[in-house]
Each structure stands twice: as C-alpha cells, then as structure tokens.
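The following exercises ask the reader to reason from atomic positions to structural statements. Each task is followed by a solution in steps.

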Amino acid sequence: MNHVKQIPAILLLMLIAGCSTTHTLDLRVPEQGYEQATVDGEAKSPNAEPLRFWAGEPSTFLYSDLTKSTPLTVQGDALNILVLSGGGANGAFGTGIVNGLYEQNKLDQYSIVTGVSAGALIAPFAFLGGDEIPRLKQVMLGVNDKDIIGKRNFLNTLFKDSFSKGDNMIDFIAEVYSQEMIEQIAKQHQAGRRLFIGTTQFDSGRLSIWNIGEIANSDMDNKVKFIQQLIAASSSIPGVFPPQFIKVDYQGEEYEELHVDGGLSAQMFFEPVSTDYEKVSKILGLEKQPYIHVIRNGMFHMPYEATPDKGMALLTRSIKSLTVLQSRGDLYKMLYDSERQQIDLSFTYISNDFDAPKGTKDMFDAEYMQALYNYGYNKAVNDQVWSKQLP
C-alpha cells in the first residue's frame with residue numbers, strides 16, 4: 001500500500017528530472033565579471049570597435065577626441081538615426097511606416113539604426129533598404145502563431161523555461177536573416193553605417209547592445225548563427241520563447257550569459273549617448289543638426305478597458321500597462337539626451353484613432369496586423385508620420 005502512495009511522488013520526481021536544464025547556475029558568468037566578459041572572436045585591442053557594449057556606459061568608438069575621427073559616414077546633409085521599438089505583433093505598424101516611406105521615396109538611409117524585440121526584427125531590413133523593404137512586408141505580415149510558436153505546452157512554463165520549445169522561432173530567423181543578408185550588413189558596416197540590436201542580460205537586468213555590423217564583418221567562425229541567436233534573444237518574450245544562452249569568456253574561463261527580450265530593459269534606445277554627435281557632424285562637414293526618428297510600435301497611453309476580476313486578465317493588463325509606461329519613460333530619456341546634445345528628435349506611434357479589434361486570440365492575428373500595417377502605411381503616404389508633440 002505504501003508503494004502505491006509513493007508512485008505519484010516518483011512520477012513527479014521523474015517529470016522534474018526530465019525537465020532539468022543543462023544550463024546550471026554554476027556555468028553563469030559571475031556578478032563581478034559580467035561587464036568585462038567577452039564573446040569569442042572579440043578583439044583585445046583597446047582601439048578596436050566592440051562587438052557589444054552596455055547601455056549608458058561611456059564609449060569612444062564612434063568618435064575619438066584623440067584622433068578627431070569617426071567611422072561613420074552620411075548620405076545627405078545631416079547625421080541621422082532610426083530607433084525601432086518593441087511591440088510584438090504591433091511591429092506590423094512600423095513595417096507599414098517603413099514601407100510607406102520607401103514607396104514615397106522618403107525613407108532615409110540612416111547612419112545608425114537601433115532595434116529591440118519586434119524592432120530588432122525590422123531593423124536589419126530598414127538598415128539595408130532597397131529591395132529588402134518589400135520583403136520586410138512579406139516577412140512581418142506572414143508571421144503567425146503556428147510558424148513561430150508551434151505547439152504550446154503550458155506545463156513547460158512551470159517545469160521548463162517557456163511553453164514553446166523555440167525551435168520554430170529559430171528556424172524562422174535562420175531562414176529570414178540568411179548568410180547573404182548578413183553579408184550585406186557587413187558591407188554597409190564597412191561603408192560607415194551602424195546597426196545595433198538590444199537584448200536583456202537577464203541576471204543583471206541591463207540592456208546589452210550588440211554591434212551587429214561589426215560582428216558580421218568579423219572573423220568569427222559562427223558569426224551568422226550568432227547574429228541569428230541575438231535576433232532571437234532580442235525577440236524572446238520570457239515564458240513564451242526560451243531564453244538564449246551566450247557563451248562568454250571571463251579571465252580565461254568559459255561561462256554563459258542568459259539573454260532575453262530587450263524590451264525588459266528598454267522598449268527602445270538611442271545609444272551610445274556619450275558620443276558627441278555634434279563633433280561627428282563637424283568632422284563630416286555637415287552644417288545641419290543631427291536628427292533621430294523614433295518608431296514606437298505601440299501606444300504611449302493605456303486605453304480605458306473594463307477588466308474582468310480574474311488573475312490572468314489582471315496580470316495581462318498589468319504587464320501591458322507597465323510596458324506602455326516604460327515606453328513613455330524611454331521616450332522622455334531620449335528627448336532629454338537629444339536636447340542636451342542638440343539633436344532634433346521626432347517620433348511616431350499608434351494613437352487613439354486606431355481601434356481595429358483582434359479577430360482571434362492568436363498572438364499574431366493576421367487581420368489585426370494587416371490593419372496595423374495599413375494604419376502605419378497611410379500615415380507615411382499622407383505625410384502624417386513624424387510628431388514632436390507629446391501625447
């Protein structure tokens with residue numbers, strides 16, 4: 001009889017053992033070393049351009065006071081930066097903006113492009129421009145739950161790291177962001193443009209910014225898969241997609257870093273903010289002040305919505321509210337930094353006049369995303385994209 005009673009406990013132990021991870025905490029980079037940890041292939045020269053840097057830290061790789069030089073180049077009469085935010089399925093809005101500007105011949109060739117989460121998926125396309133812009137529409141509007149999330153197992157959220165295995169997401173990214181695309185990114189990097197993608201280093205909670213063009217242009221043996229892993233990490237919503245483990249070196253020892261959705265630490269970013277962009281402009285012989293365009297794939301306010309007194313409904317709306325408030329904070333920070341540096345900043349976002357409902361419970365609802373795309377596209381076509389008025 002006692003043996004019968006022990007069966008459920010044994011089964012539970014077997015389940016937990018079967019769900020155990022090989023990424024144990026003893027492999028994690030130590031707290032005192034995570035800021036100095038390097039990835040494989042990173043140059044040790046103090047003058048080398050970093051493969052990654054941390055949000056808010058001082059940096060000199062885009063402008064050197066010592067040599068009075070910059071690796072950046074500009075096509076046009078002003079240094080320009082494009083910032084693309086997170087937003088999940090709302091990335092269809094930014095896709096509509098980018099496509100609308102492109103078709104109106106008003107999509108600038110930005111010297112710096114930054115992206116987080118959904119913005120990280122859009123950023124390589126916006127960075128390359130040209131024929132990649134129509135392909136962006138095809139890719140983003142073609143995203144669906146079956147292809148990206150695959151089979152869901154909510155028990156995995158309790159015993160593993162997410163209810164999705166993540167294989168579908170990795171396969172999608174490997175197919176879209178191919179070796180040929182990454183080679184084109186390397187060429188644009190060589191030409192003096194920069195592409196930065198943000199992930200959250202989970203243990204520190206800090207925004208880790210990856211210099212994608214420098215990685216693409218490096219001698220790393222696995223650079224294509226590594227860039228694909230970084231894009232996956234930036235887009236990996238915790239609990240939905242598994243985190244990405246990145247191997248790093250600290251004091252000659254190999255460790256791991258756990259990286260997830262960049263949106264946990266910033267919905268959007270303008271970095272490195274320590275660069276003196278006015279001096280960069282002068283070196284390049286530019287008389288017009290630098291400017292930043294921010295595409296917020298979401299709202300800056302929470303619409304009124306009577307929420308059922310149920311745990312999941314309350315939790316979902318709470319997370320949405322925190323994300324919206326975080327995006328407002330990120331915008332205020334960028335407004336402050338741009339004003340301090342005399343950079344002209346404009347932004348666009350999903351405002352109150354968009355009210356298309358979702359037709360399904362899917363994360364990537366096709367009709368909703370098409371409506372968002374059309375909304376962004378029409379803003380661009382009707383010359384109603386950029387605003388300076390805070391909502």
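A charge sits over a ring if NZ of Lys or CZ of Arg is within 6 Å of the ring centre and within 35 degrees of the ring normal. The exercises concern a predicted model.

**Exercise 1. Charges over rings**

Task: Determine which ring R193 lies over, and at what distance from the ring centre.

Solution.
Step 1. R193 is placed over the face of F127.
Step 2. The distance from the ring centre is 4.4 Å.
Step 3. A further case is K358, whose charged end sits over the ring of Y368, 5.7 Å from the centre of that ring.
Step 4. Y368 also belongs to a cluster, in which ring pairs link it with F93, F354 and Y375.

**Exercise 2. Aromatic pairs**

Task: Classify the pair formed by the rings of F53 and F196, and state which parts of the chain it ties together.

Solution.
Step 1. The structure contains 15 aromatic pairs.
Step 2. For F53 and F196, the ring centres are 5.3 Å apart and the planes meet at 85°; the pair is therefore edge-to-face, since planes over 60 degrees apart count as such.
Step 3. F53 belongs to strand 1 (residues 52-54) and F196 to strand 4 (residues 194-201), so the pair ties together parts that are 143 residues apart in sequence.
Step 4. F53 counts as buried because its relative accessibility is 1%; F196, at 0%, is buried as well.
Step 5. W210 and F226 also form an edge-to-face pair, with 5.6 Å from centre to centre and 90° between the planes.
Step 6. Because W210 is in strand 5 (residues 206-211) and F226 in helix 10, this pair joins parts that are 16 residues apart in sequence. Both W210 and F226 are buried.

**Exercise 3. The two sides of a helix**

Task: Explain why the buried residues of helix 7 line one face of the helix.

Solution.
Step 1. Helix 7 spans residues 167-176, and its buried residues are M169, F172, I173 and V176.
Step 2. Viewed down the helix axis, these buried residues fall within an arc of 95°; hence they line one face of helix 7.
Step 3. D171 and E175 are exposed on the other side of helix 7.
Step 4. The cover over the buried residues of helix 7 includes helix 3 (118-128), helix 4 (132-141) and helix 8 (179-190).

**Exercise 4. Packing of two helices**

Task: Decide whether helix 4 is roughly parallel or roughly antiparallel to helix 13.

Solution.
Step 1. Helix 4 and helix 13 (residues 366-381) pack at an angle of about 150°, and their axes are 10 Å apart.
Step 2. Helix 4 is therefore roughly antiparallel to helix 13, because angles over 145 degrees count as such.
Step 3. K137, M140 and L141 of helix 4 make the contact with M369, Q370 and Y373 of helix 13.

Conventions. Residues are numbered from 1 along each chain as its sequence is written. This is a predicted model: local features need pLDDT of at least 70, side-chain atom pairs count only at pLDDT 80 or more; totals for chains, interfaces and linings use all residues. Side-chain values use heavy atoms; hydrogens and water are left out. Buried means under 20% relative accessible area, exposed over 50%, partly exposed in between (1.4 Å probe, protein chains only). Helices (H or I, at least four residues) and strands (E, at least two) are DSSP runs, numbered from the N terminus. The arc is that of the directions from the helix axis to the C-beta atoms. Contact means heavy atoms within 4.5 Å. Rings of Phe, Tyr and Trp (its six-membered ring) pair if their centres lie within 6.5 Å; planes under 30 degrees apart count as stacked, over 60 as edge-to-face and the rest as tilted. Axes are lines fitted to C-alpha atoms, for helices over the stretch in contact, and angles run from 0 to 180 degrees between N-to-C directions. Angles under 35 degrees count as roughly parallel, over 145 as roughly antiparallel, 65 to 115 as roughly perpendicular and the rest as oblique.
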